[in-house]
Amino acid sequence: MDENSQKILIDKDLRPAYYDDFHCLAESCRVSCCKGWHITFNKKDYLSLKRQNGSPALNKQISGALRRVRNANKPELAYAEFVMGYDTCPLQQENGLCLLQIEKGPQALPTVCQIFPRFQAYSVSGYLERTLTPACEGVLSLLWDLPDGVAFRSDPITDKLEIKLFAYHDKEQWNSHFQQLRSWCIDMLQNRKYPLPERIMRMGIALQKLPDYGENISDWLNTVCSAVWTQEGMYMDDTKRDQLLPLFLSNNIRLLLTSNDDMDLRFIQLQKELAEAFQITLKTGDINGLVISSTPWRIAKKRFEENFSSHDYFMENVMTGLFFHLHMPEPTFNDKMWKSFVCFCNLYSFYRFMAVMSCRNGSPADRDGLFEAIVLTSRILLHNNARRTSLQDEFFRNQSTSLAHMAVLLSN
């Protein structure tokens, strides 16, 4: 065994409590996972689908529903895909239900269709972690109904596994302390003594000082984290927020304009509507130098607060679930840990921007619009690793990684 590794036995799972309550909304889903993006699957699923034999209607649909994916980045995962007719899976019926599942049962579906929006993986936390992505309307419905915040559950598992934990005692790596570290971060995210953006900033202040404590996680928790938890007067006032608003808007509008995902027609339509709200064309590749009016944002923000003030906890729940889902903060090297925090700040900023702008002038400003904005945002940011990595790397190239810049992202 490598001197910087140690095996750990994983015999329990860890999951948000709402994981147990998830069920597909089926025909009631407005932003279906059967629409809007390419559904790819491995060779085993492809061959299984080819062998399916059911009613004449099902056989006819399957015969023209599949195609091989050529030159895929990960052919073992994207060996084939459904042919999306009018942006919809060919097996989906008008009532929103899957004909294959109706006739042959859920076990006949490709793995991706069976598990989405669920994910699970063995983790250095010492658990088999089970999560749900917010790219599903059914998940958002669960988060909407949790006014007391997100709780977690753990139970023994039958498929016990030993995994190797690398760099166990390297002071620049935090694998062995990851569960303590993440638990404190999630507690801070749910500390309602402070507004959510301030909680994220306090978390960043603590994480920035963590490398100074080597592997002495107890000292870090007892000194830095205790101080960050209680220190008063850290939040910016309205004047400071107004000063930072142009930067907040330009950061998020730039991200909006560069998220050209031609696989999701609904996001493209939403992108167009938001650009029009700010009187910006989608052909604007570089918004540097453009004067962006803050009026659309102020109108949307006022409507957002009027309609959703009783559901302040909802965005907290989304970000808490997201933090757990993305296995943050990155528990290996110090620079990767900070990168993961920067990534989280950018994710929160864009989620906040899209959520507020779902209440733009002329929109219904209702829960359906809010859910659609968050589902589509999740699809383009969480389910495209190349884009998320590219955006993260861009911030580091532009040196937009200081706490001062994080304050911009969290300001509004």
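Let me begin with Arg 15, which counts as buried at 6% relative accessibility, where buried means under 20% relative accessible area, exposed means over 50%, and partly exposed lies in between, with a 1.4 Å probe and protein chains only. Before going on I should say that this is a predicted model, in which local features need pLDDT of at least 70 and side-chain atom pairs count only at pLDDT 80 or more, while totals for chains, interfaces and linings use all residues. Residues are numbered from 1 along each chain as its sequence is written, and side-chain values use heavy atoms, with hydrogens and water left out.

Which residue does Arg 15 form a salt bridge with? The partner is Asp 155, and the closest N and O atoms of the pair are 2.7 Å apart; by salt bridge I mean a side-chain nitrogen of Lys or Arg within 4 Å of a carboxyl oxygen of Asp or Glu. Arg 15 lies in strand S1 (residues 5-16), whereas Asp 155 sits in the loop between strand S7 (152-153) and strand S8 (156-166), so the pair ties together parts that are 140 residues apart in sequence. The helices and strands I name are DSSP runs numbered from the N terminus, H or I of at least four residues for helices and E of at least two for strands. Unlike the arginine, which is buried, Asp 155 is partly exposed at 36% relative accessibility.

A second salt bridge brings together the side chains of Arg 192 and Glu 316, at 2.9 Å from N to O. Here too the pair links distant parts of the chain, since Arg 192 is in the loop between helix H6 (178-189) and H7 and Glu 316 is in helix H12, 124 residues apart. Is each partner buried or partly exposed? Arg 192 counts as partly exposed, at 41% relative accessibility, but Glu 316 is buried, with a relative accessible area of 3%.

The third pair is Asp 242 and Arg 298, whose side chains meet in a salt bridge at 3.4 Å, N to O. Asp 242 belongs to helix H9 (residues 238-258) and Arg 298 to helix H11, so that distant parts of the chain, 56 residues apart, are linked. Asp 242 counts as partly exposed at 40% relative accessibility, and Arg 298 also counts as partly exposed at 40%. Returning to Arg 15 and Asp 155, salt bridges that share partners join these two with Asp 13, Asp 20, Arg 130 and Arg 153 into one network. A search of the whole structure finds 15 salt bridges.

Let me turn to the pocket. Rolling a probe the size of a water molecule over the atoms shows where empty space is left. The second largest pocket has a volume of about 580 Å³. On a 1 Å grid over the protein atoms alone, a pocket is an open set of points, where a 1.4 Å probe fits, with protein on both sides within 12 Å along at least five of seven lines, and lining residues have an atom within 4 Å of a point. Of the 26 residues that line this pocket, the closest to its centre are Leu 196, Pro 197, Asp 312, Tyr 348 and Arg 352. Helix H7 (196-209), helix H11 (295-308), helix H12 (313-325) and helix H13 (334-357) are the elements that give two or more residues to the lining.

Now some backbone details. Most residues other than glycine have a negative phi, and most peptide bonds are trans. The peptide bond from Phe 116 to Pro 117 is cis, with omega near 10°, and Pro 117 lies in the loop between H4 and strand S5 (118-122). Another cis peptide bond joins Met 328 and Pro 329, with omega about -5°, and Pro 329 is placed in the loop between H12 and H13. Ala 26, in the loop between S1 and strand S2 (40-41), has a positive phi near 55° and is partly exposed, with a relative accessible area of 26%. Gln 279, found in the loop between helix H10 (265-277) and H11, has a positive phi of about 60° and is exposed, with a relative accessible area of 77%.

To close with the chain as a whole, there are 16 helices and eight strands, and 51% of the 412 residues count as buried.

Technical notes. Grid points are joined across faces, edges and corners, and a volume is the space filled by probe spheres set on the points.
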